[in-house]
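Reader: I have a model open and want to learn how to read it, feature by feature. Where do we begin?

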Amino acid sequence: MIPTVEINRPHPYPPRKTPFTLRFWEALAEGKFICTRSGDTGRPVFPPRDFDPVTWSRDIEWVELSGRGKLYSVTSIHAAPAAFREFAPYQVAIVDLEEGVRLATAFLGSVDTPLDSPVELVALRYTDDLAFAARPAAG
């Protein structure tokens, strides 16, 4: 399970959802961070896909991830796209999860957070949609 953070405004740029990824968004609403995993290699795949992008195999399964990892990179965005301009500057990060997934996401922490610091994923519950972000791990 990952924590949920309430955001009292609409999402500035709602994520793209497909019939296949709907399972991911439903799990996120329940505080679970899931992805697909290759049945051939055991490699987790994020964003979720209905095939392994390395082997092209369609033998995949859904798995829950811990949401814990380490900060690989972080930066501050000052020249933001129109949908996010009012929130600039804001931070984005690349996070390496314990299970081997590397992903880019919003970062709810300082750009001065040391690299390799422990982080956790959180679900962001906007008034109209969901998203996720990373933040420094609690104590």
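Author: We begin with one residue and its surroundings. This is a predicted model. Beyond its neighbours within four places in sequence, Asp129 is in contact with His11, Pro14, Pro15, Lys17 and Leu124.

Reader: Where does Asp129 lie?

Author: Asp129 sits in the loop between strand 8 (118–125) and strand 9 (130–136).

Reader: Is Asp129 buried or exposed?

Author: The cut-off for buried is under 20% relative accessible area. Asp129 has 14%, so it is buried.

Reader: What does the side chain of Asp129 make a polar contact with?

Author: With the side chain of Lys17, at 2.6 Å. Lys17 is also among the contacts named above.

Reader: Let us take the strands next to that loop. How do strand 8 and strand 9 run?

Author: First the general idea. Strands of a sheet pair through backbone hydrogen bonds, either parallel or antiparallel. Here strand 8 and strand 9 run antiparallel, joined by 7 bridges. Leu124 stands opposite Ala131 in strand 9. The two strands form a hairpin, with 4 residues between them.

Reader: Which strand runs parallel to strand 8?

Author: Strand 1 (residues 4–6) does, through 3 bridges. Thr4 stands opposite Ala123 in strand 8. Strand 5 (residues 68–77) also has 3 bridges to strand 8, but that pair is antiparallel. There, Gly69 stands opposite Val119.

Reader: Why is strand 8 described as largely enclosed?

Author: Because 6 of its 8 residues are buried, strand 8 is largely enclosed by the rest of the structure.

Reader: And on strand 9, what does Pro136 touch?

Author: Pro136 lies in strand 9. Not counting residues up to four places away in sequence, Pro136 touches Phe107, Leu108, Gly109, Thr113, Pro118, Val119 and Glu120. Its relative accessible area is 33%, so Pro136 is partly exposed. Ser66 is 70 residues from Pro136 along the chain, and their C-alpha atoms are separated by 15 Å.

Reader: Now the open sheet. In what order do its strands come?

Author: The order is 3-2-4, with antiparallel pairing among the 3 strands. Strand 3 (44–45) and strand 4 (60–65) stand at the edges. Each has a single partner strand, so one side of each is left without a neighbour in the sheet.

Reader: How many bridges pair strand 2 with strand 4?

Author: Strand 2 (residues 33–38) pairs with strand 4 over 6 bridges, in the antiparallel sense. To find the register on screen, pick Phe33, which stands opposite Leu65 in strand 4.

Reader: Which helix lies across strand 2 and strand 4?

Author: Helix 1 (residues 22–29), running at about 145 degrees to strand 2. Leu22 is in helix 1. At 41% relative accessibility, Leu22 counts as partly exposed. Leu22 and Pro81 are 59 residues apart in sequence, and their C-alpha atoms are 26 Å apart in space.

Reader: Let us turn to empty space. How much lies in the largest pocket?

Author: Rolling a probe the size of a water molecule over the atoms shows where empty space is left. In this model the largest pocket holds about 860 Å³ of space. It is lined by 29 residues, and the closest to its centre are His11, Pro15, Thr105, Ala131 and Phe132. His11 and Pro15 are also in contact with Asp129.

Reader: Which strand gives the most to that lining of the largest pocket?

Author: Strand 7, with 4 residues. Helix 1, strand 6 (90–97), strand 7 (102–107) and strand 9 each supply at least two residues of the lining.

Reader: Last, the backbone. What should I look for?

Author: Most residues other than glycine have a negative phi, and most peptide bonds are trans. Start with the peptide bonds. The one from Phe46 to Pro47 is cis, with omega near 0 degrees. Pro47 is in the loop between strand 3 and strand 4. The bond from Ala88 to Pro89 is cis too, with omega near -5 degrees. Pro89 lies in the loop between strand 5 and strand 6.

Reader: And phi: what value does Trp56 have?

Author: Trp56 has a positive phi of about 70 degrees, although it is not a glycine. Trp56 is in the loop between strand 3 and strand 4, and at 63% relative accessibility it counts as exposed. Asp116 also has a positive phi of about 70 degrees. Its place is in the loop between strand 7 and strand 8. At 54% relative accessibility, Asp116 counts as exposed.

Notes: Residues numbered from 1 in each chain as written. Predicted model: local features only at pLDDT ≥ 70, side-chain atom pairs only at ≥ 80, totals over all residues. Heavy atoms only, no water. Buried < 20%, exposed > 50% of the residue type's maximum accessible area, 1.4 Å probe, protein only. Polar contact = N/O pair within 3.5 Å; in protein donor to acceptor, adjacent residues only side chain to side chain. Contact = heavy atoms within 4.5 Å. Pairing = 2+ DSSP bridges. Axes fitted to C-alpha atoms, helices over the stretch in contact; angles between N-to-C directions. 1 Å grid on protein atoms, 1.4 Å probe; cavity = no way out; pocket = protein on both sides within 12 Å on 5 of 7 lines; lining within 4 Å. Points joined across faces, edges and corners; volume = space filled by probe spheres on them.
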